[in-house]
Amino acid sequence: MVIFSVYVVNKAGGLIYQYDNYVPRAEAEKTFSFPLDLVLKHHDEKVIVSFGQRDGIRVGHAVLSINGVDVMGKNTGEGKDILEYLRDANNYPVSIRFGRARLSSNEKLMLASMFHSLFAIGSQLSPDVGSSGIEMLETDVFKLHCFQTLTGEMVCELFDQNLKGALEVAEKAGNFGAGS
């Protein structure tokens with residue numbers, strides 16, 4: 001069982017606590033010749049692929065390193081803008097590692113607030129009075145379990161697909177509220 005992340009969200013939808021246990025893995029590393037056949041763009045202080053999936057490189061993947069040197073946001077290890085660096089034919093051949101970048105603090109705040117809103121909408125749309133809202137969100141990679149405490153805070157945990165072990169841990173933690 002792997003716990004990827006834990007979020008604690010207050011009644012107003014603000015993020016109180018967040019713990020990341022997930023280390024993004026490099027999805028693909030490839031050596032390119034000039035011109036680069038992927039379209040890259042700046043997005044939220046990162047350089048991401050916006051067009052041109054191939055060889056395990058997907059749209060939305062971020063540039064993690066160039067020639068074995070980790071990038072720092074939109075800049076190379078030497079401080080040059082990544083897009084400017086890749087426009088120069090003298091820098092080729094170049095080895096670029098792509099993968100899913102870590103979420104920034106601002107992105108984590110937005111996700112917590114957004115899930116709190118979905119949780120509230122789900123509890124209001126329910127035909128049963130006193131519904132506890134969204135308790136589980138399932139994808140092909142992870143499951144998000146959400147428990148509401150008696151004081152109104154939400155504890156959201158991202159688990160891997162081995163749900164049985166994860167639920168045993170959650171049950172040992174105790175009763176989280178009326179809907180549990």
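Start by selecting D37, which counts as partly exposed at 45% relative accessibility. The model on screen is a predicted one.

Now add R54 to the selection. Its side chain meets that of D37 in a salt bridge, 2.1 Å from N to O. The pair links distant parts of the chain, 17 residues apart. To see this, show the loop between strand 3 (26–32) and strand 4 (39–43), where D37 sits, and the loop between strand 5 (46–51) and strand 6 (62–66), where R54 sits. R54 is partly exposed, with a relative accessible area of 26%.

Keep R54 in view and select D55. The side chains of D55 and R54 also meet in a salt bridge, at 3.1 Å from N to O. Is D55 buried or exposed? D55 is exposed, because its relative accessible area is 51% and the cut-off for exposed is over 50%.

Next, add K30 to the residues already selected. K30, D37, R54 and D55 are linked in a network of salt bridges.

Clear the selection and pick K46 and E107. Their side chains form a salt bridge of 3.4 Å, N to O. Which elements hold these two residues? K46 lies in strand 5 and E107 in helix 2 (residues 105–125), so the salt bridge ties together parts that are 61 residues apart in sequence. Turn on the surface and look for the pair: both K46 and E107 are buried.

To finish, show the whole structure again. How many salt bridges does a search of the whole structure find? The search finds nine, among them the salt bridge between R54 and D37 and the one between K46 and E107.

Note on methods
Residues are numbered from 1 along each chain as its sequence is written. This is a predicted model: local features need pLDDT of at least 70, side-chain atom pairs count only at pLDDT 80 or more; totals for chains, interfaces and linings use all residues. Side-chain values use heavy atoms; hydrogens and water are left out. A salt bridge is a side-chain nitrogen of Lys or Arg within 4 Å of a carboxyl oxygen of Asp or Glu. Helices (H or I, at least four residues) and strands (E, at least two) are DSSP runs, numbered from the N terminus. Buried means under 20% relative accessible area, exposed over 50%, partly exposed in between (1.4 Å probe, protein chains only).
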